[in-house]
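Me: I've got a model open and a handful of labels I'd like to see justified. Can we go through them one at a time?

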Amino acid sequence: MKIGVPRGMYFYKYYPFTKAFLTELGAEVVPSPQTNKEILDMGSRYCIDDACLPVKVYHGHAHYLKDKVDHMLLPRLTSVVPKEYICPKFGGLPEMVKYSIAELPHIIDVEIDLYKSKSNLIKSLYEAGKMFTNNPYRIKRAADKAVREHNLYQTSLLKGNLPEKYMGEADIPISHNGPLIGIATHPYLLYDGFINMKLLEKLSNKGIKFLLPEMLEKKVIEEKCGMLEKRMFWSSGKDFIGSALYMMDNNKIDGILILTSFGCGIDSLSIDYIERLRKKTYKKPFMVITLDEHTGDANFNTRLEAFLDLIDRRKRL
Ligand code: SF4
């Protein structure tokens, strides 16, 4: 049984978990490839116009997989942290895809909603596992394996590795010398080399080190978000703001790059808050780059060069 997993949204957060769980239950897991022009074009064509870029890209990946698999996993990720929601787009994603793309295979749209209780995850895994077996012990074994894989993956990211290294895909050699920049963003922008114009590769080729949100312990993000006047209940915004605040405070970081996507409401509020705080308190080089559906990288490169020049000049001074 082939199960397709679109390479978008929280793919780079949960793919090792998903793969371990489904493989243990006997499925053949088929991820879509890295985003390319055709996938992006299909996403823009089938998704509603005013969606954010990552949602459009996700549609493109679902479209790519639709004739190649028996089932497609489009989980409804309502909440992955107790008392927090991710972002409203995640909750509605299965419906958006189902009503936008015709002739999809059977969709596995099990809901993960930890808002009220952590035990919801167990319930959802049993619900998904029942597609393969009625033996609850087999499902439990697959779930345990998935959790182990997830923990190993998180440890690998915390150590500074990129997802590709853990997943056994073509990895980017990371620079260990040169200036250090912090990149505050979301995993679906950071690890999608097509929509971010190969940002990590470009930095590495220039001998620049980077610190990414996934390299920070969860408690660091929590501590930084504790400074906010109101509790942030959107997990995606919390990771974004928490990592940006940490990067501003850390003296080893020479500059901060904020990577956001066109059409993101949560980021527009978060960036406004970060910018106001930066102007008042911090003086580090700082740049916001907004990604959209354009695939030419001339404008992106010019802005990146300007940011790196600024860091270089400050370091020399
Ligand atoms: S946080 Fe922003 S970019 Fe991410 S899914 Fe929500 S709206 Fe889109």
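**Labels and the numbers behind them**

Reply: Sure. Let's start with the ligand: the shell around it draws at least three residues from each of domain 1 (2-158) and domain 2 (173-316). Keep in mind that this is a predicted model.

Me: Which residues are around the ligand?

Reply: They are Met9, Cys52, Pro54, Cys87, Lys89, Phe90, Tyr188, Ser236, Ser261 and Cys264. Each has a heavy atom within 4 Å of the ligand, so each counts as near.

Me: What makes up that shell, by class?

Reply: There are seven nonpolar, two polar and one charged residues around the ligand. Lys counts as charged and Cys as nonpolar under the scheme used.

Me: How do you know that cysteine 87 is buried?

Reply: Its relative accessible area is 15%. Buried means under 20%, so cysteine 87 gets the label.

Me: What about cysteine 225, buried or exposed?

Reply: Buried: cysteine 225 has a relative accessible area of 8%, and the cut-off is under 20%.

Me: Why is cysteine 225 not bonded to the closest cysteine sulfur?

Reply: That sulfur belongs to cysteine 264 and is 15 Å away. A disulfide needs the two sulfur atoms within 2.5 Å, so the pair is too far apart for a bond.

Me: How many disulfides does the rule give overall?

Reply: Zero.

Me: Now proline 94. Where is it, and what makes it count as buried?

Reply: Proline 94 lies in helix α4, residues 88-100. Its relative accessibility is 1%, and buried means under 20%, so the label follows.

Me: Which residues is proline 94 in contact with, leaving aside neighbours within four places in sequence?

Reply: Leu74, Pro75, Arg76 and Asp109. Contact means heavy atoms within 4.5 Å, so each of these has such a pair with proline 94. As for alanine 143, 49 residues apart from proline 94 along the chain, the two C-alpha atoms are separated by 22 Å.

Me: Back to the domains. How are the centres of domain 1 and domain 2 placed?

Reply: Taken over C-alpha atoms, the centres are separated by 26 Å. The contact between them takes 26 residues from domain 1 and 29 residues from domain 2.

Me: And what does UniProt list for residues 2-216?

Reply: An unreviewed UniProt entry lists that span as "domain: DUF2229". In the model, residues 2-216 are 46% helix and 13% strand, and their end C-alpha atoms lie 35 Å apart.

Terms used
Residues are numbered from 1 along each chain as its sequence is written. This is a predicted model: local features need pLDDT of at least 70, side-chain atom pairs count only at pLDDT 80 or more; totals for chains, interfaces and linings use all residues. Side-chain values use heavy atoms; hydrogens and water are left out. Buried means under 20% relative accessible area, exposed over 50%, partly exposed in between (1.4 Å probe, protein chains only). UniProt positions are given in the numbering used here, feature names are shortened, and annotations may be inferred rather than shown by experiment. Helices (H or I, at least four residues) and strands (E, at least two) are DSSP runs, numbered from the N terminus. Domain bounds come from an automatic or database domain assignment.
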